[in-house]
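Trainee: I have a new chain open on my screen and would like to walk through it with you. Could we start with the overall layout and then go inside?

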Amino acid sequence: MITVHLRYEIDPDKLDVFTEYGRAWIRLVAKHGGTHHGYFMPSEGDSDEAFALFTFPSLAAYEIYRTASKTDPECVEAFELARRTQCIRRYERRFLSPVFSADAEEDSPAVR
């Protein structure tokens, strides 16, 4: 399993359009076999930073998604929205491997 962490530097005057962009990608990641964990928008603190997390079963599955996103008409439309509106100034991408408890019951709120 691989989780992608995206850190965006966004235009704080274009939060509405960035939100539209994010909602599109939540659906598109799912369409291409991933699980999106959401976009995290500015609230308190920095007004020009947003984050996103999504997971694919493997790095190979992520690479298939990346290749498909370059020609999928809906993905191209989402990329174009960001380019046209310049709601994203820059972004950073990190690949993470999640760690889970060896005993899921230990993490259950009912057990605490």
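Trainee: In what order do the elements of the chain run from the N terminus on?

Mentor: Keep in mind that this is a predicted model. Starting at the N terminus, the order of the elements is β-α-β-β-α-α-β, which amounts to three helices and four strands in the chain.

Trainee: And what does the C-alpha trace span along its principal axes?

Mentor: The C-alpha trace spans about 50 × 35 × 20 Å along those axes. The chain has 112 residues, and 33% of them count as buried. If you take the contacts with a separation of 6 or more, 71% of them come from residues 24 or more positions apart.

Trainee: OK, going inside: which residues touch the most other members of the largest nonpolar core?

Mentor: That core has 24 residues, and those touching the most other members are Tyr8, Phe18, Tyr21, Trp25 and Phe54. The elements that contribute two or more residues to this core are β1 (2-10), α1 (15-31), β3 (49-56), α2 (59-69) and α3 (73-85), and α1 gives the most, with six residues. As background, nonpolar side chains in soluble globular proteins tend to be buried together.

Trainee: Let me pick Phe54, then. What is Phe54 in contact with, leaving aside its neighbours within four places in sequence?

Mentor: With those neighbours left aside, the contacts of Phe54 are Ile2, Thr3, Val4, Leu6, Val29, Thr35, His36, His37, Tyr62 and Tyr65.

Trainee: Val29 is on that list. Is Val29 buried or exposed?

Mentor: Val29, which has its place in helix α1, is buried, because its relative accessible area is 1% and the cut-off for buried is under 20%. Leaving aside neighbours within four places in sequence, Val29 is in contact with Gly34, Thr35, His36, Phe54, Phe56 and Tyr65. You can also look at Val29 together with Ser69: the two are 40 residues apart in sequence, while their C-alpha atoms are 9.1 Å apart in space.

Trainee: Now a strand residue: where is His5, and is His5 buried or exposed?

Mentor: His5 sits in strand β1 and counts as buried, with a relative accessible area of 17%. Apart from neighbours within four places in sequence, the contacts of His5 are Phe51, Ala52, Leu53, Glu92, Arg93, Arg94 and Leu96.

Trainee: Changing topic, how many disulfides does the count come to?

Mentor: The count comes to zero disulfides.

Trainee: Why is there no bond at Cys75?

Mentor: The closest cysteine sulfur to that of Cys75 is in Cys87, and because the distance is 15 Å, that is too far for a bond; a disulfide would need the two sulfur atoms within 2.5 Å. Cys75 counts as buried, at 0% relative accessibility, and Cys87 also counts as buried, at 0% relative accessibility.

Trainee: Last thing, the largest pocket: how much space lies in it, and which residues lie nearest its centre?

Mentor: The largest pocket holds about 240 Å³ of space. Its lining is made up of 16 residues, and Leu6, Tyr8, Tyr21, Phe79 and Arg93 lie nearest the centre. Two or more lining residues come from each of β1, α1, β2 (35-40), α2, α3 and β4 (88-96).

Trainee: What classes of residue does the lining of the largest pocket have?

Mentor: By class, that lining has 13 nonpolar residues, one polar residue and two charged residues. Tyr8 and Tyr21 are worth selecting on your screen, as they are among the residues nearest the pocket centre and also among those touching the most other members of the core.

Note on methods. Residues are numbered from 1 along each chain as its sequence is written. This is a predicted model: local features need pLDDT of at least 70, side-chain atom pairs count only at pLDDT 80 or more; totals for chains, interfaces and linings use all residues. Side-chain values use heavy atoms; hydrogens and water are left out. A nonpolar core is a set of buried Ala, Val, Leu, Ile, Met, Phe, Trp, Tyr and Cys residues joined through side-chain atoms within 4.5 Å. Buried means under 20% relative accessible area, exposed over 50%, partly exposed in between (1.4 Å probe, protein chains only). Contact means heavy atoms within 4.5 Å. On a 1 Å grid over the protein atoms alone, a cavity is a set of points where a 1.4 Å probe fits but cannot get out, and a pocket is an open set with protein on both sides within 12 Å along at least five of seven lines; lining residues have an atom within 4 Å of a point. Grid points are joined across faces, edges and corners, and a volume is the space filled by probe spheres set on the points. Ala, Val, Leu, Ile, Met, Phe, Trp, Tyr, Cys and Pro count as nonpolar, Asp, Glu, Lys and Arg as charged, and the others, Gly among them, as polar.
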